[in-house]
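Subject: Structure handover

Hello,

Here is the structure I promised to pass on. Please open it alongside this email and follow along.

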Amino acid sequence: MHIGFLGLGNMGTPMAHNLLKAGHALSVFDLSDTAVADLVEAGAAAVASPSNLAKADVEVIITMLPAAAHVKSVYLGADGLLANVRPGVLLIDSSTIDPLSAREVAKVALAQGNPMLDAPVSGGTGGAAAGTLTFMVGGAPSAFEQAQPILAAMGKNIVHCGGTGNGQVAKVANNMLLGISMVGVAEAMALGVSLGMDAKVLAGVINTSSGRCWSSDTYNPFPGVMDNVPASRGYNGGFGTDLMLKDLGLATEAAKQARQPVVLGAAAQQLYQAFSLQGNGGLDFSAIINLYSKPGA
């Protein structure tokens with residue numbers, strides 16, 4: 001299948017590589033010449049603009065972009081994808097944006113004969129490289145069925161979440177909970193250690209008791225408790241604080257539009273905002289524990 005791919009960042013590049021490994025023909029565009037050159041060397045064809053990508057003889061276009069403003073510009077701009085793509089081409093946006101923006105763009109696409117799915121991902125850069133991402137997909141069942149074998153080249157768990165925008169709903173709800181749980185684990189670990197308990201022993205108790213969660217048993221924020229997590233390497237790599245802050249912002253903004261209270265989500269957003277303003281935006285989000293105390297200090 002001939003696929004167009006737009007957005008070759010930290011996630012998009014390995015995703016595009018996996019499509020090539022699966023035998024798909026790929027035309028790519030990104031503002032980074034280096035990122036494009038990397039894919040061309042692997043066998044992709046480069047195009048000069050989003051409009052040229054849309055005009056190429058592609059059957060599917062996948063986008064992976066930083067924010068809703070970029071998605072709207074790329075799809076709805078005067079010389080963007082929708083102004084140039086032929087009817088019938090399936091559009092898949094794997095960016096993480098707010099549900100209302102996803103629905104807005106998909107409505108325009110569908111009106112001109114292009115089925116569109118919102119398909120944000122979970123699994124980070126490691127999952128993108130390994131082809132084990134989770135795709136949370138919103139859109140028509142027929143479009144989801146068409147997209148499944150394509151997404152399977154990049155992910156392991158592909159979930160149809162319902163109608164248009166529901167992929168984004170699942171993503172923002174999940175990541176809001178992740179941010180809240182990491183703050184809770186950070187507080188608990190900092191408290192226990194400050195009261196004289198060994199961090200590994202405390203984590204072991206939590207992970208075999210009712211406080212157990214992913215943030216504790218798989219991604220513990222306290223240094224020395226677990227190997228191969230950001231806490232064991234100075235909080236480098238992983239999922240950045242500013243990325244978590246972005247997702248918490250999406251969740252609280254969506255909650256405002258739905259008139260739905262998210263008290264803990266808003267509190268987590270404020271904590272991550274404060275942590276980012278201290279110059280920690282590039283650190284993994286588990287470094288939020290340093291807002292409470294310097295572990296080991």
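Below are notes on one strand and its partners, a cavity, and two loop residues.

Please keep in mind that this is a predicted model.

**Strand S4 and its partners**

Start with strand S4, residues 60–63. Which of its faces are covered? Both are. Val60 and Ile62 sit on one side, and they are buried. Ile61 and Thr63 sit on the other side, and they are buried too.

S4 pairs with strand S1, residues 2–6. The two run parallel, and four bridges join them. To find this pairing on your screen, look for Ile3, which stands opposite Val60 in S4.

S4 also pairs with strand S5, residues 90–93. This pairing is parallel as well, again with four bridges. Here Thr63 stands opposite Asp93 in S5. How does the chain get from S4 to S5? It crosses through helix H4, residues 68–76. This makes a β-α-β crossover, and the crossover is right-handed.

**The cavity**

Next, look inside the model. How many cavities of 30 Å³ or more does the structure hold? There is one. The largest cavity has a volume of about 60 Å³.

Its lining includes Val71, Asp93, Ile97 and Thr164. Asp93 is the residue you just met opposite Thr63. Ser101, Ala102, Val105 and Ala106 belong to the lining too, as do Met116, Leu117 and Asp118. Two elements give two or more residues each: helix H5 (99–111) and strand S6 (116–118). H5 gives the largest share, with four residues.

What kinds of residues line this cavity? Seven are nonpolar, two are polar and two are charged.

**Two loop residues**

Finally, check two backbone angles. Asn228 has a positive phi of about 60°, yet it is not a glycine. Where is Asn228? It lies in the loop between helix H10 (214–217) and helix H11 (241–258). Is Asn228 buried or exposed? Its relative accessible area is 72%, so it counts as exposed, the cut-off being over 50%.

Arg259 also has a positive phi, near 55°, and is not a glycine either. Arg259 lies in the loop between H11 and helix H12 (263–280). Its relative accessible area is 78%, so Arg259 is exposed as well.

That is the handover. Start with S4 and its two covered faces, then move on to the cavity lining.

Best wishes

Technical notes
Residues numbered from 1 in each chain as written. Predicted model: local features only at pLDDT ≥ 70, side-chain atom pairs only at ≥ 80, totals over all residues. Heavy atoms only, no water. Buried < 20%, exposed > 50% of the residue type's maximum accessible area, 1.4 Å probe, protein only. 1 Å grid on protein atoms, 1.4 Å probe; cavity = no way out; pocket = protein on both sides within 12 Å on 5 of 7 lines; lining within 4 Å. Points joined across faces, edges and corners; volume = space filled by probe spheres on them. Nonpolar A, V, L, I, M, F, W, Y, C, P; charged D, E, K, R; others polar. Pairing = 2+ DSSP bridges. Right-handed = clockwise from strand over helix to strand, strands pointing away.
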